[in-house]
Structures are given as C-alpha cells and as structure tokens.
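Me: Got a minute to go through a model with me? I'd like to talk rings first, then strands.

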Amino acid sequence: MTAPLKQETIGQTRFKIGGMDCASCAAKIDTAVRRLDGVADVSVSVTGASMTVSHGGSLNDDKVLRQVAQLGYGIVKAEGGADGRASVAKAHDHADHDHSDAEPGQAWWRSRRAVLTLACAAALVAAYCIGHLFPVAERWVFVAALLVGLVPIARRALMAALAGTPFSIEMLMTIAAIGAVMIGATEEAAAVVVLFLIGELLEGVAAGRARASIQGLADLVPKTALVERAGGTSEVPAEDLAVGDVIVVRPGDRIPADGEIVEGSSDIDEAPVTGESTPKRKGVADAVFAGTISTDGVLKVRVTAAASDNTIARIVRLVEEAQEAKAPTERFIDRFSRTYTPAVLAVGALVAMLPPLLAGGNWNEWIYKGLAILLIGCPCALVISTPAAIAAGLATGARRGLLMKGGAVLEGFRRITAVAFDKTGTLTAGRPVVTDIMAYGRDERTVLALAAALEQGSSHPLAMAILDRAKADGAPVPPALAAKAISGKGVEGSVGGVAVFLGSGPAVGERADMTQVQRLAVDSLNGQGKTVSVLVADGVVAGLIAMRDEPRPDAAAGIAALKAEGIRTIMLTGDNRRTAEAIAASLGIEARAELLPQDKQRIIGELQREGLKIAKVGDGINDAPAIAAADIGIAMGGGTDVALETADAAILHGRVMDVARMVRLSRAVMANIGQNISVALGLKAVFLVTTILGITGLWPAILADTGATVLVTANAMRLLRWRG
C-alpha cells in the first residue's frame, strides 16, 4: 500500500490509546494511521496516551480504530471531556490486546500485559521443573514455554510490518528468539522472552507514572458540587454545572468550577493550580479557579466556565497537546532510529555470517552472537530518552503554573539570551497604589479620609487606589455632599462642612497657592514616575497623595535571577519615559519607553539581528505583534485571563520569577536528555563489545536493553520532582 498524498487539513479528531508505553509504540501507530486514506497528519503522545489525527475531510473513525487495534492497542475516540475521557466503545473486537488495559485507569497488575508476563514466567518455571524430571522432553517444554510469550509478540511484529513498520522491537525479538531455537539455545530463548515482557511491563508502569502527573491535576476538581436551585441546595456532578449556576463552597472544600464570588469572603489556597504558597483573601466580585480551596469561609460562587473549559481543563488540554508536539531533538532521534534499527539488523547479520565465511568460525557461535546483537540494538531506550524527559518537563511545569506549547518551546528556552518585558501588568501589578501621603496642617489619616470621601463610587483607577489605601489603613470615609467631577481637573465637594477639592497640580493653582516646599515635593514625586493628586481644604493645600503602578513583589528578584543565568533583560513600554525609567532603575533593567506596538516589534527585530534569542513577556493583547516576532512569546496572567492562544508559553500566576524558572526547567530537561542518550548508547556500546568478545550472550543482551530503558525512564521521571 502506498501512502496517500498529503492534503489540506480541515479537521482534527482526537483518540485515547491504551497500552502505549514507549516511543516505539507511538512510531508504529503513527506510521500505521498515516497510511489511511484522508489522513493529512498524525500526532501521538505516549505520556498523554492520546493521538490527534488531522484529516482533509470526514474521517472514517472505524478504519482508525481497526488499524490501531490490529497493532494490539486499545483505542477509543475522545469526546472532549476535561481530562480527555472517552465515551465511545472500545475497538476490542479487532485484535488481541496484549498492550491494552481492560479499563481506563486499571491497576497495572491487572492488565493483559501483566497477565501475559505472569503466564510466560510460570510456563518457564514449569519448563525448568519438567525438564529436570524428564530430560528427554526438555527441549520441547522450553519451546512450549517460549511460544506462550512469543506468539503474541510475533503477531504484533507481523501486524506492525503490514502497517508499515517492518523494523520494530517485536520483529527484532521474534527473529532473535526463533534464531536461538534453531541453534539449540531454546532455554535461553524462553528466558529472553520472559525478560523482554518484564521490561515492557516496567515501561508501562513508568509511563503510567508520567500520565498520573497530569491526571492528578485533572483530579483536583471535585466530582460533585452544591448548587443553589429552587430556594435550596442540591448535590450535582461538577461536570453538569452550567454557566450562571450559583454554587456553595464550604470551608475546606475545593471549588468545583471557575467562577466569581457573589457572597462571602475567604482565604483561597491556589497552590494546587498556580503553585502560590500563600493563600489570597478574596471576596465579592473576585474570580476563583476550579481546584483551589476555600480555607476559612463559606462562599457563593457564580459559575463562569463549563467543566470542559475551566482553568484545570485548559491546562490539561494544553499539556496533552504540547506532548504531541515534538521537540527538535526528539524529531532528530526519531529520524536517527529509523536508520539505526535496520543498521542493527545489518550488523547482526554481518557478525553472524562474515567470521564463519571468511575465517572459518563456528556457525552456531557467531549466529548466537549476531542474535545477541539484535537484542542489544533494540532502540527502545534511545527513542524514549527524549520524549520521556520532555513529557516530564511539560508536566512538572504545568503543575507549577508554567505552561509551554510543546517540546520545541520547552527546548527553546535554554537558548534564550534576552528577555523583553512589557511594564504594565507584567513587571508591575497593572493597577496604581498609593505610595506617599504628605500632610500639611492635618494628619495623614485625615488627608486620606477627605480624599476617599470625594472618590466614593468612582471606578477610576486612581480613585480605586485611594479607596483601597483608606480601607487598608482603616481610615474613616465620611459622606461627601454635592460631590462632582470637574472634567480634566479633579473632583470637589463638601465633607463635614469643609469645602474639599482633589486634583492635579495645575488645577490646584486656581483654588489655592502652593508653597515652594510643596512644589518641590510634587516635582520630586513626579520625578519618581508617580502621579500626584493635591488635596485642598477650605482654600488651603492640605496634603499630597502620590500613586504609581508598583513593581510586582518578585520583579526585582526575577530580573536578578535572569541576569544570574546570563540573560539580558529589557523593558519595552508605551508609558512615559520618566515613569519607565523610575521603575527600571528600581528593578535594574534597561528601559525603552513611549513605544507603540509596532515600535516594540521593530526593537525585537533589531535585537534578533544582533544575534540575540529573544523571549517577549506581555499580556498577549497590545503586545501581540512583539510576542509574535519574538523567538518565544510568553503571556503573563492568571486563570482564564491567560492568553494561551497568542503565545508560545504562559505564566499562570503573575510571577516574574517564573520566567527564570522556565529557563532553568528547560536546561534541566536538556541535561536530562543528554544523560539519557549517554546511558542508552553507552550500555549498547559496552555490551556490543563484550558480546563480540564472547563475554556476554542473549540474557545479558536483553537485560542491557531492558535495563537501559528502565534507567532512562526513571531518570526522566526525576524531573517530576523538580522544584526550580
């Protein structure tokens, strides 16, 4: 069968696959599905246990189900739940599923693979016993024990060959086992099959751990919710909540949906979602995320997102899709392994044939060595070395609020040499706060109270800053009579019989005279990039209130961490130069101010032409052109506001330090990949030499392959414990 011509992709269908535990499995499935008519592209994720098929029209799902099932894997069509749970019947009718589990999430020891491994091991033990009691029958009982495990392996090898993968691990195993029987090494052949099955079982357990790291995130969302309906509350499945429903969250409960608080207040523990260790106090009109915990208060929350689109669901989807996007290193290893496996067959054949033909060597001895080389050359450890580490890195990043769209992005972070930040909402909190209060003739508390009285009911950011400071300081906010805004100047009214005006310095000149000291104070505060409002009471300047959008608490530490990694940092902002330079000076960062979106994009291009690899951090909206132009675009935000669609990566919780953590995670993952490749190729090189010298044989060969695979997988799983 020839591969169909590529065509324009107009649709995608997602499938969940059971029993796919290594990159060789993914490669076989990828090759088999690509051969189907109408398929334009295939992306397979081992750790996500998923496959996305891009197709040029309507796709015959049954053909896909049958093609994959014939390879020995369980497959269902995913119907788009938050965790990718499938709802279509399994294609179990098509093949014996040596790989698949009977049920999703089933314990590994109850899987078909575990049963087959146990049966083969039991048959081998029985063969040893029978062979000891009846030596005449020894060869045949070992052949019978061998067939228990080899028949399913050979069937998978045949189906893979028919589906376009002739050089599979199962094919190498089948050739080696049959060859061993032919030269009389029947006992070893049976033992090697058992060891091979044990190795596959261990791979399955390790792959299950990687999947559990993401499934554990999905499981943060409670299964049920208390919803207010018809004047009472009732318990319903969380997945049935609709936008607009009002749910009740008790102290200690996990919040079952994204929403907005409509009644009550509580400290919210967001650590499960964002990694933020300190609970946040939230009240009416504040947003809350599914999976977070109300620690000390009863809340009523209006649902703002369906279960399939809440924060947790979107993170899980992002990570699963990211795991299907291969990193450059992973693509290279895939290409290398396609050449490597046939080369191993050729080397094995040459080792088996050349010494007897050219030097009169013993045929049985050299065929035995050639078969051992086939087992040594199994590519499992090599091909899993990269995807296992990439998947673990993506998973551990997601659990800490560091979201990256695929292995290419994760790998790309290690090459970053400069990071360009937006200012407002990125390096700063995005809202002004009161930084200074100067009183003249009255105390600071009275100045704040008079200003807050005039600003009551206003939604202007500066007014909100004054009201928030009054609330934080416990300053009384008396009522203001005849309060009115004066366009472009300020606000005035009467508070406790005192005529009060709050406005800009120039507007104050029409109502009161400012002393030289007061003017110098205003100039000094303006020089620090602060906005100054002047309070006039009964025609006399009573005080100054300075406000500024302040840096995030960790901004200075985050910039310092990037510099410690050898990365240049730059601020690109549309704000005025004085404010930008003041903020930049406090953070120790370069500043370029008064920029339009196209200016930011131009500067990114200039820096790239200097040879820098640029990451651009912004809110994903007015920074979109620069984010698109950068080598890696990062959206800074929280919860449902994260601009996942416009950037390569996103920081779920607004921490500047997380940019440095992404770089560190990338470098940790790439170091892990280097270790994995060294282990995989190093062990093969050692056993290749010892096999040719006659020191090791079939048993050590399969142990070398299995051992390398387990070591590589275990090393990759260490990344799940990465703390940054």
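What follows is a short chat about ring contacts and strand pairing.

Reply: Sure. It's a predicted model, so local features need pLDDT of at least 70 and side-chain atom pairs count only at pLDDT 80 or more, while totals for chains, interfaces and linings use all residues. Residues are numbered from 1 along each chain as its sequence is written, and side-chain values use heavy atoms, with hydrogens and water left out.

Me: How many aromatic pairs does a search of the whole structure find?

Reply: One. Tyr-128 and Phe-142 meet edge-to-face, 5.0 Å centre to centre with 85° between the planes. For Phe, Tyr and Trp (its six-membered ring), a pair needs centres within 6.5 Å; planes under 30 degrees apart are stacked, over 60 edge-to-face, the rest tilted.

Me: Where do the two sit in the chain?

Reply: Tyr-128 is in helix 3 (residues 112-133) and Phe-142 in helix 4 (residues 138-162), 14 residues apart. Helices are DSSP runs of H or I, at least four residues, and strands are E runs of at least two, numbered from the N terminus.

Me: Is Phe-142 buried or exposed?

Reply: Phe-142 is buried, at 2% relative accessibility, whereas Tyr-128 is partly exposed at 33%. Buried is under 20% relative accessible area, exposed over 50%, partly exposed in between (1.4 Å probe, protein chains only).

Me: Switching to strands: what does strand 1 pair with?

Reply: Strand 1 (residues 11-18) pairs antiparallel with strand 3 (residues 50-55) over six bridges, and four bridges join strand 1 to strand 4 (residues 74-77), also antiparallel. Pairing takes at least two DSSP bridges.

Me: Which residue stands opposite Lys-16?

Reply: Ser-50 in strand 3; Phe-15 stands opposite Lys-77 in strand 4.
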